[in-house]
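Here is a quick tour of a protein model, written for someone who would rather be at the bench. Have a look at the fold first, and then read on.

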Amino acid sequence: MRGGNDSVVDVGNDDLGHVGSDIDVLVVGAGPTGLALAAQLRAFGARVRIIDRQVDRVHESRALAIQPRTLEVLDGLGVTPELIRRGNQTVRLQMHFNDRILPVPLFDIGTTDTAYPYLLFLSQAETERVLGEHLDAAGIPVQRGAALTALDEAEDTVVCTVRHADRQDEQVRASYVVGCDGAHSTVRRLADIAFRGAVYPQTFVLADLEVDGIEPGAAHVFVSPRGMLFFFPLAAPASWRMLAMRPRTDSSPPDQQVTLDQVQALSDTYTAGRLRLYDPLWMTNFRLHNRGAARYRSGRLFLAGDAAHIHSPAGAQGMNTGIQDAVNLGWKLAFVVRGVATPGLLDTYETERAPVGRAVLRFTDRAFTVATSTNPILRQLRARLVPRIAPLALRIKPARAYGFRAISQLAIHYRRSAASTDQPGAPRRGPRAGDRLPDAPVTGNTRANTLHRALATPTFHLLLCGPDPWPMTGVTDLINRYRGLVTTHFLTHDNSDPAALHDHTGQALRNLGLDNGDNAQYLVRPDGHIAYRSSGTDLTRLHRYLAQWLGTQSPTP
């Protein structure tokens, strides 16, 4: 048994209401990652329970930017429109160098294949509220004041000890446990997984407040030899989020209360006193870490989000990476516990997401070092060279497009995954197996007006593209054998078939690298990545692929 020496009391159906239960997945932690994972599991038919040791959700937060790829993956849950309604869409950044302002357009190129070509600024607290309301409506409320204290992992189950706010312990039996419980993860500790890395020496200040002197509707960064000062536009609870680094000579302890005078003084050092800060709603000091879990899995225990990787906020990657961990893992767990996928599918979670986590750690560490280093050379680069070369660099459109796609996480791929298969003779152009499926306008027999929305139901989706007739015996066999697991679509330029998806602009097939006469097959995973790709109309190899990962069982009700 992993845990402390506290006695366990299975309180059963007593008056306390803590009922021991058999579930598929216990999600530990109700931040954005845990909430998104629970919602994914519920959407794919798994029995899920989500707990959090805090008795109330957080009302302040550090994360505030939602990337285009995250808006895409959450759209399948139906929550993206509400996030957009509450947030602030931003496509401009203004860089301030003393008296000079350099406007930087964001997501204006390299994002034609997404319905969300912008950065959405929204407080993490609001993101959690939207996801929590979605779970409540689905009948899966977060159980708060419930802390995981011990684990006992058996061959086919995990017995979890959950301590409630009234100090009563409950035994919960789950097939799998996922730790979404942050940097101090209990699941990671009980799984004995190392969390490697270090803490940065600087202390930072966050504040949600009002600001006079900067243009609304844009993000702002003030660049100086000592570092950078950021202001991000919010819709709520305040108009602006400020992020600043305290001087290294400042010996104030991180837990010391922050005052408006201190925040104003920090702003003045970067802006020469041009801004007035007022009406703060929340201010805090904090320290930053750069750490990653040695493994994302130990038997029936998994890690996701900050429990697996924690880093600086550079590039607004943290919360987005965690949510996409959840989206990658959720459907795989659900398919396995329902008995419709082979257990080996779960092995692909770490092989796919751990490289992404490591890449984010490297990127944020380098960006953070450039932005905060006191090295004399880097200080001079920030103050003198960046203002001169930045306008020239912004004119290089291919580099800007590449950078935007990387930051927006649209370029993340799983090409090296065992579950990604490109057949010999697959199309030479377009996305490969493991890549995200590009979005494009389509029309057809549904109300969907984009390819992603047409493929939003919680199944695999088979896109049969091109003008040549398909062997309907093979198609019908596939539909019958994998009913409820694979949804089949015909994608074509021709609008004569009312049951097909009509690529009326030509963009969908063009994004796939297909000409008018090309036939090709794309099996798209539930998380929007291409699992299998082949040319022609022969479905024999596709059947073999599906049999390897899904078998031929029908889904459980």
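What follows covers confidence, one helix, two sets of strands and a pocket.

**How far to trust it**

Keep in mind that this is a predicted model. The mean pLDDT of the chain is 85, and 87% of its residues reach 70 or more. Confidence isn't even along the chain, though: among the elements, strand β1 (residues 2–3) has the lowest mean pLDDT, 54, while strand β19 (residues 301–303) has the highest, 98. Then there's the stretch from 4 to 20, where pLDDT stays under 50. The model still gives residues 4–20 a total of 33 contacts beyond four places in sequence.

**A buried helix**

Helix α7 takes in residues 318–337. At 1.5 Å a residue, its 20 residues should span 28 Å, and the end C-alpha atoms are indeed 28 Å apart, so the two agree. Is α7 enclosed or open to the outside? Since 19 of its 20 residues are buried, the rest of the structure largely encloses α7. After the helix comes G339, with a positive phi near 80 degrees.

**Strands side by side**

Strands of a sheet pair through backbone hydrogen bonds, in either a parallel or an antiparallel way. This model has both kinds, as the table shows for two pairs.

| Strand pair | Sense | Bridges | A bridge partner pair |
|---|---|---|---|
| β10 (146–153) and β11 (158–164) | antiparallel | seven | L151 and C160 |
| β23 (486–492) and β24 (501–502) | parallel | two | T492 and H502 |

β10 and β11 are joined by a hairpin of four residues. β23 and β24, for their part, belong to an open sheet of six strands with mixed pairing, in the order β21-β26-β25-β22-β23-β24. Which strands stand at its edges? They are β21 (421–422) and β24, and because each has a single partner strand, one side of each is left without a neighbour in the sheet.

**A pocket to look at**

The second largest pocket has a volume of about 430 Å³. It is lined by 29 residues, and the closest to its centre are E72, G76, L455, A456 and P526. Three helices, α1 (32–43), α2 (68–75) and α11 (451–454), each supply at least two residues of that lining. Which of them gives the most? That would be α2, with four residues.

Definitions and conventions. Residues numbered from 1 in each chain as written. Predicted model: local features only at pLDDT ≥ 70, side-chain atom pairs only at ≥ 80, totals over all residues. Heavy atoms only, no water. Pairing = 2+ DSSP bridges. pLDDT = per-residue confidence, 0-100. Contact = heavy atoms within 4.5 Å. Expected span 1.5 Å × (residues − 1). Buried < 20%, exposed > 50% of the residue type's maximum accessible area, 1.4 Å probe, protein only. 1 Å grid on protein atoms, 1.4 Å probe; cavity = no way out; pocket = protein on both sides within 12 Å on 5 of 7 lines; lining within 4 Å. Points joined across faces, edges and corners; volume = space filled by probe spheres on them.
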